Structures are given as C-alpha cells and as structure tokens.
Amino acid sequence: MSLTVKRYVVAALSFLFLLALLLVAYQESRRFRQEAGLEPVVTVANRGCVDCHRKDGPALVMEWEFSRHAQLGVGCVDCHTAEKGDLDGWTHEGVLISALVTPKDCARCHAREHEEFSGSHHARAGEILASLDNVLAEKAAGMPGNIADAVNGCWQCHGSIVRFKRDLQGQILRVGKEAKPVIDPDTWPNSGMGRLNPDGSKGSCHACHSRHAFQASLSRSPENCGKCHMGPDHPQIEIYNESKHGIAFYANRGRMNLDKVGEWVLGRDYSAAPTCATCHISSYMTPQGVYTANSHDVGERISWTLRPVVSTKLNMVVYEDGFKEDFPDTRPLPTIGDLVETLEKVVENERLVSRKVSRRVARIVSWEDRRKVMKGACLNCHNDTYVDNFYKQFDDLVVLYNEKFAKPAQALMDELVADGILNSNAPFEHDVQWTFYELWHHEGRRARHGASMMGPDYTHWHGMYEVAKHFYVKFLPEVIEAAAAKGPAMKQKYEDRVKRLLGRDEHVWQKGLSPQEAEALRKMYEERYNQ
Amino acid sequence: MNRDPGLRQRLQEMVPFDWSLLRHIGSEPVPYHLKKWWFCLGGTVLYLFIIQVVTGIALTFYYVPSPDEAYASVAAITREVRFGWFIRSLHKWSAQFMIVAVILHMLRVYFTGAYRRPRQLNWCIGFLLLGTTMTFGFTGYSLVYEQLSFWGATVATNLAEAVPLVGPLLAYFLRGGAEVGENTLTRFYILHIGVLPTVAALLVGLHILLVRLHGVTELHFEGETVREDERHFAFWPEHGTTELMIGVLLMYLLTLTALIFPAGLGAPADPTVTPLHIKPEWYFYFNFRLLKLTSLRLSVVLTLAAGAVAFLWPFIEEWLSRRLKFPDALSVLLGTLAFLSFLVLTVWEAFAG
C-alpha cells in the first residue's frame with residue numbers, strides 16, 4: 001500500500017476520531033445539563049405527550065420541563081397513568097390515563113410521604129363538609145341549586161368530593177371518541193388539601209406541591225400555606241407576617257436556600273428564619289445530628305388544638321394499621337394493645353359517611369412528646385429557657401381564653417338549647433348563635449393563633465380585645481334577648497345567670513376600677529397626650 | 001597581573017561540558033515531511049506534558065490529599081484561590097488534549113509503519129506512555145473527590161480486581177484496603193504527583209533518545225519530487241520554530257477552552273449515595289462498554305489481550321510477515337478495524353446512558 005493511501009487512511013481515522021470526540025462531548029454536556037436540571041429527560045413513553053402538549057399547552061410542558069421530575073425522567077404517563085377499572089380513567093392516544101392525579105398515584109414513588117400524609121389533619125380537611133362552616137356556605141350564603149360559595153370558597157381549600165356526571169341509569173357520562181368521563185364541574189377543578197378522590201384516597205399533593213413544576217421553593221414558602229391559612233378565622237399567614245419570624249424571612253429570603261434539592265435542614269441548609277414548613281414538618285439539626293422528621297403529618301408537633309370552642313391539649317393514638325386519632329387531654333387514653341372503636345369518615349356512593357372501625361392501639365404520643373419535637377426546631381436558635389418561657393406565655397393565653405370566655409359562653413349556649421330556647425337543628429336562627437360562632441371561630445381563634453405564632457396584634461386587638469368586647473356587649477345581651485323571646489320567666493332566669501357570671505372575680509372590673517387604678521389611668525393620659 | 005578569564009570561561013571551568021555538542025545535537029537533520037504540522041504531534045505531547053507538570057506543581061500548593069479536605073481544597077482552588085480556576089482548567093484540558101495528541105501521534109506512527117524495525121522498542125515505549133497518560137488522567141480525576149470521581153475509582157479498582165492472577169493484589173494495593181477510602185486517595189495522590197511523573201519523564205527521555213539515535217523515519221510520498229538538498233533541514237532553528245508555533249497555538253486553544261469550559265465541580269463524594277450515572281473519563285468508555293456487553297472478567301481479559309497485541313505488534317507483525325508473507329495492507333486493515341472498534345465502543349457508551 002502506498003504512503004499516500006496510508007496518509008488518507010490516517011486523515012480519515014483522525015477525522016473520525018475528532019468527530020467521535022465531538023459526539024461524546026455533546027452527549028456528556030447533555031447529560032450534565034440534565035443532571036444539573038438544565039435539560040429535561042423525555043423518556044420514550046412520554047415523548048408523544050410532550051410533543052403534542054407542547055402545541056396544546058406549551059406553558060404546562062415548560063413548567064414540567066423545569067421540574068425535578070423532568071430531570072429524573074418522570075413524565076406525564078408516570079403520574080397520569082390509570083389502572084383498569086379506575087372510574088376517572090379513559091384511553092387517550094392508546095394509553096389508559098386519568099386527568100386526576102391523586103395521592104394514591106403519587107404513592108407509587110413517594111410511599112413514605114403518602115403514608116404520613118394520609119394520617120394527617122391535612123388529609124382529613126375534606127371532612128369539614130359536614131361542619132357549620134359548610135352550612136354557612138351552602139345554606140346561608142347559597143341557595144337551592146346553587147352552592148357556588150361552597151364550591152369556590154370552602155372546597156377550594158378543604159377539598160371536594162370529586163363526583164361524576166351520570167346518566168339516568170346512574171352510569172358515568174362519557175364523551176367523545178375516547179369516552180372521556182365527565183366530572184361534575186362543581187367538584188373539579190379542585191386543589192383542596194382534603195379532596196376526596198374517586199379512588200378512595202384523601203387529599204391532593206398538588207395543594208402544596210403545585211403541578212407541574214413541583215418546585216421545592218414553592219412548597220417551602222409561607223405564601224403557599226397562606227392560600228388557606230389566612231382570613232378572619234385562621235389568619236396564620238397574617239400572624240406569621242407580623243411575627244419576628246416572618247420579618248426575618250422576608251428580609252432574608254435569598255439566604256433561605258429554598259431551592260435546595262433533597263433534604264432542607266434547619267441549622268444545616270439555612271438559618272435565617274423559620275417558615276411554616278420549618279416548624280411543622282421539616283427536618284432540623286439537633287445536638288445528636290439531623291432530626292429527620294420531615295414528616296408529611298402536619299399535626300405531629302401540635303400540642304394544643306386551637307380550633308374548637310374550648311382548646312384542649314392533644315394526645316395522639318396511633319393504631320396498628322397506621323390510622324391516627326387525636327385524643328383531647330380530657331378524654332381518657334387507652335393503653336397499647338387495647339381495641340378501640342374509632343370513627344372514620346369515608347366516601348360511599350359519592351357521599352361522606354361515618355364508619356365505625358375497631359382498631360388496636362400500637363403507639364401513644366402524648367402532647368408533651370409532640371411539643372418536645374416542636375421545641376427541637378425552636379432550639380436551633382433559642383435556648384431552653386427562652387423556649388419554655390414562650391410556651392408558658394402561650395399556654396397562659398389559651399387558658400385565659402378558655403376559662404374566662406369560652407367555657408362560660410359554651411355553658412350558656414348549652415343551657416339555651418337545653419331550655420328549648422335554641423334549636424340545635426337551626427344553628428344560625430338567633431343573633432346569639434352568630435355572635436357565639438364568631439366569638440370562638442373567628443376572634444377566639446385569632447387570639448389563640450396569634451399567641452401561638454408570636455403575633456402580638458392578632459393576639460390582642462384582632463383577638464382577645466374582640467372576644468372581650470363582643471362577649472360583654474353582644475353575646476351576653478343576646479343570650480338574654482333570645483331567652484326573653486321564650487317568656488318572662490326565661491328572661492329572668494338568664495338575667496340572673498349573667499349577673500352571677502359577671503359577679504365573678506375576672507368580670508367585676510366592669511363595675512369600675514379601684515381609685516388607685518383610675519388615678520393611674522388619668523395620669524397616664526395626662527402625661528402622654530397632655531389631655 | 002592575571003587577566004579576568006571572563007564569565008564564559010568561568011562557567012566552562014565550573015561545568016566542564018563541551019557546549020558545542022548542543023549545537024551539534026540541535027542541528028540534527030530532520031526529514032522534509034516534518035515541515036507539515038501533523039507530523040509534529042510527538043512534540044505536541046511533550047509540550048502538553050510540560051504544561052501538566054507546571055500547572056500540576058501549582059495545584060499541589062493548595063490541594064490537600066485527605067478525604068475530609070480534598071473536595072474542599074479543590075473547591076477553594078476553583079472558587080477562592082486567585083487564578084486557581086484557570087490553572088485547574090488548564091491542567092484538566094491539557095490532560096485531555098494530551099491523550100488526544102498521543103492517540104493521533106500513534107495513529108500516524110502506526111499507519112506510516114514508523115514502528116517497524118529498527119524502531120520496535122520505541123513503539124513499545126510509546127505504548128507504555130499512552131498507558132501512563134491514561135493512568136495520569138484516571139488518578140487525577142479521582143483526586144477531585146467528587147461523586148463521580150469516587151464512584152469512578154470504585155469501578156476502576158473493581159476492574160483492576162478482575163485482572164487474572166494479580167487482580168486482587170493489585171486492587172488491594174490501589175485501594176489501600178478492601179474498599180475505596182482514605183488510603184486510596186493518598187495512594188492515587190502519590191501515583192499522580194510522584195510515581196507517574198517519574199515514569200513518564202523516564203519514558204519520554206528514552207523515547208526521545210531512541211528517536212535521536214535512530215533518526216526520524218524517512219517518508220517518501222509517491223509523486224512528490226523533492227530536491228536532494230531539500231530532503232532534510234536542520235532541527236534548529238527550522239523545526240524548533242515550527243514546534244514553538246504549534247506550542248503558541250496550543251496555548252491559545254487551551255486558554256480559550258479553559259475560559260469557555262472552565263473545570264467544574266460536582267457533588268462531594270458520598271460513599272452512601274450511588275449517583276444515577278457512573279461514568280469514567282471518555283478514554284475509558286470503550287472498556288466500560290465492553291464491560292456492559294460482556295462481563296467484568298471477560299472485558300478485562302479482552303482489554304488486556306488487545307493491549308498486549310498492540311504493545312507487541314511490531315514483533316508480531318514481523319513474525320507474521322516472515323512466516324506467512326503477511327501483506328502490509330493487512331496491517332493497515334487490522335489497524336483500521338481496531339481503531340474503528342475503539343471509536344464505536346466509545347460513542348456507543350456515550351449515548352447508551
């Protein structure tokens with residue numbers, strides 16, 4: 001073979017070698033971009049969906065491309081796939097899918113998170129559908145045939161029972177050549193936390209982990225919780241914004257490492273401020289190492305319930321099947337191994353029903369244990385004394401609300417029902433019922449939540465001040481007014497009852513301050529305002 | 001009164017060496033084809049090796065070869081030390097360029113038959129230099145102590161373990177124990193900055209010495225008419241300046257590459273978390289693909305066998321030619337097939353994920 005030919009061979013092989021290097025470099029750079037999250041991994045199974053929906057809903061696809069799911073090759077089909085027999089499933093482009101992605105679907109990969117979430121208060125948020133709140137939305141604010149207030153209001157946080165449109169035979173209506181099931185528009189779209197899904201699962205992961213980007217920074221941000229935890233009856237986000245914690249967060253958002261992939265540990269990955277997630281569900285550092293709580297059971301660290309008329313400390317009973325039940329400290333606790341009859345709410349025939357189930361106790365978590373876990377987060381920045389003193393201040397406020405206003409008001413309301421003055425089937429018939437409802441459900445909660453999250457203005461002006469004012473000037477007069485409608489004897493009985501109540505030490509101040517207190521008050525205004 | 005002998009004479013007295021010899025060596029006549037740059041790849045490798053040594057020494061000032069601090073020290077070099085990122089990037093890219101240059105140089109030597117008698121030994125030395133360069137790359141990559149380097153080292157030492165007879169001993173020696181750990185890093189460090197540079201310097205010296213003793217292979221291209229007095233030209237300054245120009249161009253390319261693609265840093269090594277993709281450096285892809293296509297043991301045996309044939313090829317070919325009248329074209333064909341196999345396996349592995 002001539003040297004010239006060999007020269008061409010060398011040239012050709014060198015060219016192929018450099019070409020191969022370029023190909024390797026291209027592929028390496030692509031892989032690096034994928035691993036760094038700069039480029040999505042579109043698997044063969046998802047290629048068709050992505051290509052088509054890029055034209056149909058480009059922003060939706062772009063959001064997915066931005067997600068951690070996309071980086072790991074988890075795509076449309078992986079979440080939207082349906083099983084044979086799923087009520088909401090239909091065959092789309094040859095693949096059995098469902099529009100509705102439920103916690104059960106997410107559990108295919110996130111089993112631990114699903115298990116924790118399923119036992120949480122969040123998963124049961126939909127059980128409010130049988131509460132006074134829902135009566136107000138469906139009845140007081142709604143009208144027969146139009147429950148739009150409940151649909152657009154309550155259900156968008158608490159969750160709906162997802163129902164289907166049905167024909168006269170009760171079969172699910174299906175439309176189009178792909179026989180897509182028709183979901184009742186009153187119940188979908190819905191991203192409520194406790195959504196009751198057709199597959200029997202409770203909840204919506206999307207409530208916190210907004211689809212399709214599933215950004216960690218979004219679910220770690222307080223605003224995310226603020227979609228529902230706000231307003232007159234549970235203004236947690238407003239309280240947080242008012243608190244030193246909230247102020248520190250907004251001033252230092254850039255230092256919060258909110259985008260951190262994987263675990264997000266207080267005391268290791270960030271320190272500037274706690275968010276809602278930090279205190280209630282996230283991991284934190286302890287002297288022994290990382291506390292890997294990071295539990296999706298949002299109520300696990302809560303030692304008081306601040307929602308009902310009268311607050312109680314909460315013990316938790318965990319049963320062998322994972323079912324969890326809060327036991328107020330006023331209810332005797334079972335012992336481990338006991339068989340306890342529990343009440344569970346489930347959807348049957350698209351309606352929420354109660355079911356009694358006997359379960360064996362596996363574990364008991366006392367309110368002190370729950371508080372200890374919460375304190376673990378606090379101790380990342382504060383010392384024992386500081387944290388203990390905070391809890392003393394908080395406990396005292398709850399006790400004050402309970403003893404001075406909630407328990408007496410509840411007792412009066414119970415008496416009014418017992419005397420036939422109020423009809424328990426007509427919860428909003430009389431003024432006093434509205435006032436009592438707002439007293440505990442709005443003002444009382446604001447005071448308690450305010451104290452729990454260090455929001456001074458919500459504790460006092462939006463909370464205890466309003467409780468006290470409405471207790472004295474609205475609730476008590478309305479109690480007598482309701483009784484008077486039943487006759488003079490009843491009126492007299494309740495006037496005496498209220499008089500006895502106001503004669504108690506904590507209420508006698510109304511009759512006048514002591515001369516020394518009155519003089520101190522006068523002097524303060526004189527010195528401060530020259531008046 | 002004694003006259004001052006002058007600086008030159010003083011130096012001569014102190015170093016009694018015949019400096020005119022240098023001129024003699026420098027004026028070595030080299031064949032006319034070396035005027036073309038693609039015949040200068042041997043010099044390119046030397047130039048890149050020198051860059052490796054200089055930048056490597058600079059990096060050694062800041063690198064800490066301990067599992068607890070290795071990654072942090074590389075991070076500090078990359079992010080904090082002034083020009084640290086640039087030196088590290090030059091080191092990384094010159095290593096890559098060096099492997100490319102060695103392969104191209106060997107291609108040229110093979111296909112032009114420059115390895116044949118009497119230069120068989122120099123081919124073997126060149127082949128050892130290729131192995132040394134690849135080992136340089138592998139150990140250097142492991143020193144970064146990021147996830148991929150840790151797991152790359154784990155895979156590589158597993159491969160070493162599969163070498164027949166000496167495998168377990170070799171793997172234990174490389175790891176400094178049963179698993180990749182604290183001792184492994186120290187051993188790789190000693191190999192990278194001590195053993196391998198010494199071996200490489202000795203082999204390069206021997207390689208150049210043999211080239212000098214044999215002279216550069218004369219290549220005569222058909223149809224090229226070269227006047228007798230133009231068949232050769234002096235090594236210095238003609239060829240020397242060509243090499244220098246190539247050096248300047250290389251420095252330019254390296255700087256550009258380092259600026260556009262600075263050496264990055266992945267996640268720190270975590271023995272408890274296996275990354276999604278474990279990949280060695282590209283020049284080991286062929287072996288990685290072979291491993292996936294066959295088995296650990298078979299891939300190692302095949303690689304060693306192929307390496308042994310390539311290493312001894314000048315002698316094997318000579319023996320075959322003598323016994324079987326092995327035609328020259330068949331050598332070219334075999335070489336082409338072998339190199340194409342290497343390329344296919346490399347690209348396949350890159351795209352296989």
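This talk walks through a predicted model of a complex that includes chain A and chain B.

Good morning. I shall start with the confidence values, turn to the two chains and their contact, and then take several local features in order.

The predictor assigns the complex an ipTM of 0.83 and a pTM of 0.67. For chain B, the mean pLDDT is 89, and 99% of the residues reach 70 or more. As a general caution, where pLDDT is low, the predicted coordinates should not be read in detail.

Let us look at chain A as a whole. Chain A holds 21 helices and 11 strands. Its length is 531 residues, of which 32% count as buried. If one takes the contacts in chain A between residues at least 6 apart in sequence, 59% of them join residues at least 24 apart.

How many residues of chain A are in contact with chain B? The number is 19, and they touch 23 residues of chain B. On the chain A side of this contact, 11 residues are nonpolar, 4 are polar and 4 are charged.

I now move to the strands of chain A, with strand 8, residues 312-319, as our reference. Strand 7, residues 304-305, pairs with strand 8 of chain A in the antiparallel sense, over 2 bridges. These two strands of chain A make a hairpin, with 6 residues between them. Within this pairing, Trp304(A) has Lys313(A) in strand 8 as its bridge partner.

Strand 8 of chain A also runs antiparallel to strand 9, residues 324-328, and 5 bridges join the two. Here the bridge partner of Val317(A) is Glu325(A), in strand 9 of chain A. Strands 8 and 9 of chain A form a hairpin too, with 4 residues between the strands. In that hairpin, Gly322(A) takes a positive phi near 95°.

Strand 8 of chain A has a further antiparallel partner in strand 11, residues 351-365, and this pairing has 4 bridges. Which residue of strand 11 of chain A does Val317(A) stand opposite? The residue is Ile364(A). Val317(A) therefore appears in two of the pairings I have described, with Glu325(A) in strand 9 and with Ile364(A) in strand 11.Let us turn to a pair of helices in chain B. In general, two packed helices are described by the angle between their axes and the distance between the axes. Helix 11 of chain B covers residues 285-293, and helix 14 of chain B covers residues 328-352. Their axes come within 7 Å and cross at roughly 75°. Helix 11 of chain B is thus roughly perpendicular to helix 14 of chain B. On the helix 11 side, the residues that meet helix 14 of chain B are Tyr285(B), Phe286(B), Phe288(B), Arg289(B) and Leu290(B). They are met from helix 14 of chain B by residues including Phe342(B), Leu345(B), Trp348(B) and Glu349(B). By class, this contact between the helices of chain B has 8 nonpolar residues, 1 polar residue and 2 charged residues.

The next topic is the backbone, beginning with cis peptide bonds. One joins Arg211(A) and His212(A), with omega at about -5°. His212(A) is placed in the loop between strand 4 (180-181) and helix 11 (216-220) of chain A. In chain B, a cis peptide bond joins Arg117(B) and Pro118(B), and omega is about 10°. Pro118(B) belongs to the loop between helix 5 (84-111) and helix 6 (120-143) of chain B.

There are also positive phi values to mention. Met454(A) is not a glycine, yet its phi is positive, at about 60°. This residue lies in the loop between helix 18 (431-452) and helix 19 (456-484) of chain A. Is Met454(A) buried, exposed or partly exposed, and what is its count of other C-beta atoms within 10 Å? The count is 18, so Met454(A) is partly exposed.

In chain B, Leu165(B) is likewise a residue other than glycine with a positive phi, near 70°. Leu165(B) sits in the loop between helix 7 (147-161) and helix 8 (167-175) of chain B. Leu165(B) counts as exposed because it has 7 C-beta neighbours inside 10 Å.

My last residue is Gly262(A), found in the loop between helix 14 (244-251) and helix 15 (276-280) of chain A. Gly262(A) counts as exposed, because it has 9 C-beta neighbours inside 10 Å. The C-alpha atoms of Gly262(A) and Ala216(A) are separated by 8.7 Å, and these residues are 46 apart along the chain.

That concludes the presentation. Thank you for your attention.

Definitions and conventions
Residues are numbered from 1 along each chain as its sequence is written. Chains are lettered from A and ligands numbered from 1 in the order in which they are written. This is a predicted model: local features need pLDDT of at least 70, side-chain atom pairs count only at pLDDT 80 or more; totals for chains, interfaces and linings use all residues. A residue is buried if 20 or more other C-beta atoms lie within 10 Å of its own, exposed if 12 or fewer, and partly exposed in between; C-beta atoms are placed from the backbone. Two residues are in contact if their C-beta atoms, placed from the backbone, lie within 7 Å. pLDDT is the predictor's confidence in each residue, from 0 to 100. Ala, Val, Leu, Ile, Met, Phe, Trp, Tyr, Cys and Pro count as nonpolar, Asp, Glu, Lys and Arg as charged, and the others, Gly among them, as polar. Axes are lines fitted to C-alpha atoms, for helices over the stretch in contact, and angles run from 0 to 180 degrees between N-to-C directions. Angles under 35 degrees count as roughly parallel, over 145 as roughly antiparallel, 65 to 115 as roughly perpendicular and the rest as oblique. Two strands pair if DSSP finds at least two bridges between them.
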